[in-house]
Amino acid sequence: MDWNSTPAEQAEPPMSRRSSLPLSSTIPASPNTVWVDATPLLQAACTDLLDGELIHGENFNLFAAMSALEIMDPKMDSGMICKYYSVDEAIEDGVGPVPISFDRTTDVQCTLDIMDHLLACEATWHKGHSLAQTVFSCIYLLRPERTVPSPILHSYCKIIRATCKAIVSVVSDARTHEEEDLFTMAYGLPLDGDGDEKSLSLLNAVEENLCRQLRACKAQSSRRKQDMEPLQSDIDMEEGYCKALLCRLRFRKHFFHVLACMRRPQGKGLELARKHIASSISELECIRKSADFLISTASGGCSIGIEDRTTASGRKPIGFDASLNSRVSAPAPPRSIKMLSWNKAIEYFEKLLRDLDFICSYSLDPSLEVLLRFVTQFQSSRPDLVARSHLQVPYSLPSTETLLLVQEGRLYGRDPMFAVITRAAGLPETTKNHDIQRYESVMQLGQLVINMLKIVCTNTAWQRRKLGKSLQDWRVIYVQLELAFTNKFGEVLATSNDENGVARVVKQILIWLEEQAYWIAFRFLMLGFELELYSPSEFFMVYWYLYAVLVKLAEKTDSRMEITEITAAKRKGKKRKDSSKDVGRETRIPPAVRFLQCQIHLVEGLTLVIILWISSYVCLLQAALRNEMAALHSLTPFNSEQEIFLQHFELLQKACIPEQITYHSFKESTSYARFSNIATPNCFQQAQKLAKELRSSFSNDHDRLAELRRLEQVAEHNSVAMNVICQLGAVEPNSLKVSFEFIHHPCYATAVVRRA
């Protein structure tokens, strides 16, 4: 009910206020249907009903009423916002004329505007909006047969439809559209037009004709040849219009080739895809440069701001109506769509192409560690849905339709998962055929690895949630494997008589399994920083827990590498005495472990900085730093410190990662922290030293080198901050103000000390 309306207005029948839109004129009757105004019947029913009564019938009850769509409300009734109730009605009203204009110059200008607006619509669709309300708001796409008289527009519409079909197929098959299901809903739209399989050949023919046109208009300036009829009536503008059309058509061609090449089985088309990606980026730059020319040709100039215009010229495109398909979008309510601007659309496609190029640069390395590091690096650029879907496409098999990273239990469609696991565990290549792969618990471990690979390809929020929940599965699999091997090979495992190497295989797989679980826990905690889930008052708690996880991760990684090294030495016939083994091992800590140690020192230093700060400045925290630290040790009416601890680490606690780490252990290790009883080694200096030493070990790994530089910067600045806190904190606590900012690294904060 409208609370501001008068009683007379409230009593007025709803349909009487819409008398300007009679049903008979907007919804034509058919031989089997007759439309009748039901308002008098509804009014009579309302009069007979008492307060609290409901209409109930055999085919209408409360559940049906709650499930029904709400009508007469523009926010819920998709039919209320329609200007036209059908495409034919819009065409009859002249919305999408063919030809667009009998003036050839105007016809070319409008064609360019349609191309630009479709580019903006496609980018908006990729961002998660409905296909029906973006790309297919174009009447020329909904009625493709009408564009045949205009070869340029016809070829462009065909390649747009083919591109949309390819992207819908990739996203649906890769199953990475979890955050926006509307993306893959086609609503019965004409994605498959007659002859669309020949869209590239038609586009090539049109491109060739335009190239001849461009050569002819260039030749006219010197020899005044008139061999070809000009594209439009203004000879001086011919070259500019030809170039503007060509770069747009060529971009569509190369982009479609990119999608086709990346779908070739087992990554066979990646090199060719990179060439088309480079060409697509080049054509996008030409499209951007054509804006100055098109703006100069717009009559009256460009009156629309650069952030609002969806065409290069600034003119409003013809042949579009976002409400045309709103009625086929049911049962979802109509959405308010903010179309991306033309400039934003070009920026989006440039980023998409760079992300796709990064995917194509991958060498399909069989190492699981390398693959996970590659995917993590790819995800750090925050790729959009289409790019993340293509992350899995190059690794498909030709015999299957589902385009996933793992096909039929094989990585890249060629490596069995047990072989991937044994390689990751540091076992010899011959172990991939070991008999233990037939045990159910080992097969379940392979499926767990497959699920992990699927999860790391999803968006950041979904990935973190799924990784946290999967930790319990890793814990259960570890226990099951341990019990299964103990029951089956107990005697062999307990003795040194291990002819088939069962004990060695089992031990290394279990160590690797633990290491992988701690890597997932580490990834889970780090993603929380990317999602900004931790407030400054919780950094101390998070870094404390992260320190415990990193220590265990480094321990398991070192154990796995040590066993691998010993096994390799035995295979080569090297015999080392037990007395010298530990000494030699001490001097040869693997770079991967030292890299983790660098982060351990960094996290330990951050924890220590906050401990020192909190221990001596509780009063200051409650006063001067209330905005920064939110009174760390004070209870709030919403969540206690223990509740916050459980909210952040509950999934890790359920999986016992790490073991014996609870809120009580956290409280014990921090409750009595004071300057007098805390050793204050400068962990940041140790982290900085390790980061410098590790550069030579990762000289060929640009990503690791970049990460080491970031860690070194964090350590260097925090070292200075810690010295200031230690020197002045005990003397003049009220003179300092400390905040933690992510200046050099997205996850490791930098302490900023200022005068209060």
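User: Arg382: buried, exposed or partly exposed?
Analyst: Arg382 counts as partly exposed, because its relative accessibility is 44%. Bear in mind that this is a predicted model.

User: Where does Arg382 sit?
Analyst: In the loop between helix H13 (368–379) and helix H14 (385–390).

User: And what is the phi of Arg382?
Analyst: Near 55°, which is a positive value in a residue other than glycine.

User: Which residue in the loop between H18 and H19 should I look at for the same topic?
Analyst: Glu532, placed in the loop between helix H18 (502–530) and helix H19 (539–571). Glu532 is not a glycine, yet has a positive phi of about 60°.

User: Is Glu532 buried or exposed?
Analyst: Exposed, because Glu532 has 70% relative accessibility.

User: What about just after H8, which residue has a positive phi there?
Analyst: Arg175, with a phi of about 60°.

User: Staying with H8, how far apart are its end C-alpha atoms?
Analyst: They are 35 Å apart. H8 covers residues 151–174, and at 1.5 Å a residue those 24 residues should span 34 Å, so the two values agree.

User: How many residues of H8 are buried?
Analyst: 19 of the 24, so to speak of H8 as mostly covered is fair.

User: What is the geometry of H6 against H8?
Analyst: The axes of H6 and H8 come within 11 Å and cross at roughly 5°. That angle makes H6 roughly parallel to H8.

User: Which residues meet there?
Analyst: On the H6 side, Thr111, Ile114, Met115, Leu118, Glu122, Trp125 and His126. On the H8 side, Ile152, Leu153, Tyr156, Ile160, Thr163, Cys164, Ile167 and Val168.

User: How does the contact of H6 with H8 split by class?
Analyst: Eleven nonpolar residues, three polar and one charged.

User: Why would residues three or four places apart in a helix point the same way?
Analyst: Because an α-helix has 3.6 residues a turn.

User: Cysteines next. How many disulfides does the structure hold?
Analyst: Zero.

User: Why is there no bond from Cys261 to the closest cysteine sulfur?
Analyst: That sulfur belongs to Cys360 and is 8.6 Å from the sulfur of Cys261, so the pair is too far apart for a bond.

User: Is Cys261 buried or exposed?
Analyst: Cys261 is buried, with a relative accessible area of 3%. Cys242 also counts as buried, at 0% relative accessibility.

User: Which residues are joined by a cis peptide bond, with omega about -5°?
Analyst: Val98 and Pro99. Pro99 is found in the loop between helix H5 (87–92) and helix H6 (104–126).

User: And which pair has a cis peptide bond with omega about -15°?
Analyst: Ile657 and Pro658. Pro658 has its place in the loop between helix H24 (641–654) and helix H25 (663–671).

User: Last topic, Leu527. Which helix is Leu527 in?
Analyst: Helix H18. Leu527 counts as buried, at 1% relative accessibility.

User: What is Leu527 in contact with, leaving aside neighbours within four places in sequence?
Analyst: Thr460, Gln463, Arg464 and Leu467.

User: How far apart are Leu527 and Cys747, in sequence and in space?
Analyst: They are 220 residues apart in sequence, and their C-alpha atoms are 8.4 Å apart in space.

Definitions and conventions
Residues are numbered from 1 along each chain as its sequence is written. This is a predicted model: local features need pLDDT of at least 70, side-chain atom pairs count only at pLDDT 80 or more; totals for chains, interfaces and linings use all residues. Side-chain values use heavy atoms; hydrogens and water are left out. Helices (H or I, at least four residues) and strands (E, at least two) are DSSP runs, numbered from the N terminus. The expected span of a helix is 1.5 Å times one less than its number of residues. Buried means under 20% relative accessible area, exposed over 50%, partly exposed in between (1.4 Å probe, protein chains only). A disulfide is a pair of cysteine sulfur atoms within 2.5 Å. Axes are lines fitted to C-alpha atoms, for helices over the stretch in contact, and angles run from 0 to 180 degrees between N-to-C directions. Angles under 35 degrees count as roughly parallel, over 145 as roughly antiparallel, 65 to 115 as roughly perpendicular and the rest as oblique. Contact means heavy atoms within 4.5 Å. Ala, Val, Leu, Ile, Met, Phe, Trp, Tyr, Cys and Pro count as nonpolar, Asp, Glu, Lys and Arg as charged, and the others, Gly among them, as polar.
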